[in-house]
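Welcome! Let us read a protein model together, one feature at a time.

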Amino acid sequence: MAANSTLDILNRLYVLHNRSLAVYSHYAPPDKRYRHPHAWSVIAQIAADHIRAAERLGGLILEAGGLVDPGEFPMAFTGLHDLDAPYVVKLLVERQHKHVAACDRLADQLSLAPFAQAAAREIAGEAKGHLDNLRELADELAGSPAHA
């Protein structure tokens, strides 16, 4: 695998984490987060993990002589800060399914860059843990009196 290809894959992983919905929620917190403080603390932890993963990936890119592409948040995120936690968590679960699949696919593509692949697989494992946490949170919110 060519270095450029490795850098492209690492940059895609970087953008996937750096511009996730959880990270967007960190930078543009919702107005109604007081209604479900536990939910927003879980989302904040996922955002912190995404930011940390992006920093790690950015370091790998720079060490390999590449440039980090920060990416952009999807425009669709701009209308989400007015929504309440149960709906946002549902969106996060849907997006996290795709996030996990993308992380796994991109990690597989790093087979000729073992150090980068190991980091990508670790980050993919963390993404699977986030999906489990979000599913639990969605179930919890679905059973809450405010959502019933």
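Q: Where do I begin, and how much of the chain is buried?
A: A good start is to keep in mind that this is a predicted model. Of the 148 residues of the chain, 45% count as buried.

Q: Which helices and strands does the chain have?
A: The chain has five helices and zero strands. Reading from the N terminus, the order of elements is α-α-α-α-α.

Q: How compact is the chain for its length?
A: Here we compare the radius of gyration with a rule for globules. The chain has a radius of gyration of 16 Å, close to the 15 Å that the globule rule gives for 148 residues, so the chain is as compact as a globular protein of that length. Its C-alpha atoms fill a box of roughly 55 × 25 × 20 Å along the principal axes.

Q: What share of the contacts joins residues 24 or more positions apart?
A: Among contacts in the chain with a separation of 6 or more, 83% are between residues 24 or more positions apart.

Q: What should I look for in the interior?
A: In soluble globular proteins, nonpolar side chains tend to be buried together. In this model, the largest nonpolar core has 45 residues, and those with the most contacts inside it are Leu10, Leu13, Ile43, Leu57, Leu92 and Leu110. Helices α1 (3-18), α2 (21-27), α3 (37-63), α4 (85-108) and α5 (114-142) each supply at least two residues of this core. The largest share, 12 residues, comes from α3.

Q: Which residues does Leu10 contact, leaving aside its neighbours within four places in sequence?
A: Leu10 is in contact with Leu57, Leu60, Ile61, Leu110 and Ala116, with those neighbours left aside.

Q: Is Cys103 buried or exposed?
A: To decide, we look at relative accessibility, where under 20% means buried. Cys103 has 0% relative accessibility, so Cys103 counts as buried. This residue lies in helix α4. Not counting residues up to four places away in sequence, Cys103 touches Leu13, Leu16, His17, Ala124 and Ala127. For a sense of distance, Cys103 and Pro86 are 17 residues apart in sequence and 25 Å apart in space, C-alpha to C-alpha.

Q: And Asp49: is it buried or exposed?
A: Asp49 has 13% relative accessibility and therefore counts as buried. Asp49 is placed in helix α3. Leaving aside neighbours within four places in sequence, Asp49 is in contact with Glu126 and His130.

Q: How many positive and negative side chains does the chain have?
A: There are 14 positive and 18 negative side chains, and the centres of the two sets lie 3 Å apart.

Q: What about the surface?
A: The chain exposes about 7,900 Å², and carbon and sulfur atoms supply 56% of that area.

Definitions and conventions. Residues numbered from 1 in each chain as written. Predicted model: local features only at pLDDT ≥ 70, side-chain atom pairs only at ≥ 80, totals over all residues. Heavy atoms only, no water. Helix = DSSP H or I, 4+ residues; strand = E, 2+ residues; numbered from the N terminus. Rg over C-alpha atoms; globule rule 2.2 N^0.38 Å. Buried < 20%, exposed > 50% of the residue type's maximum accessible area, 1.4 Å probe, protein only. Contact = heavy atoms within 4.5 Å. Areas by Shrake-Rupley, 256 points an atom, 1.4 Å probe, with all protein chains shown as cover. Lys, Arg positive; Asp, Glu negative; His and termini not counted. Charge placed at Lys NZ, Arg CZ, Asp CG, Glu CD. Core = buried A, V, L, I, M, F, W, Y, C linked by side-chain atoms within 4.5 Å.
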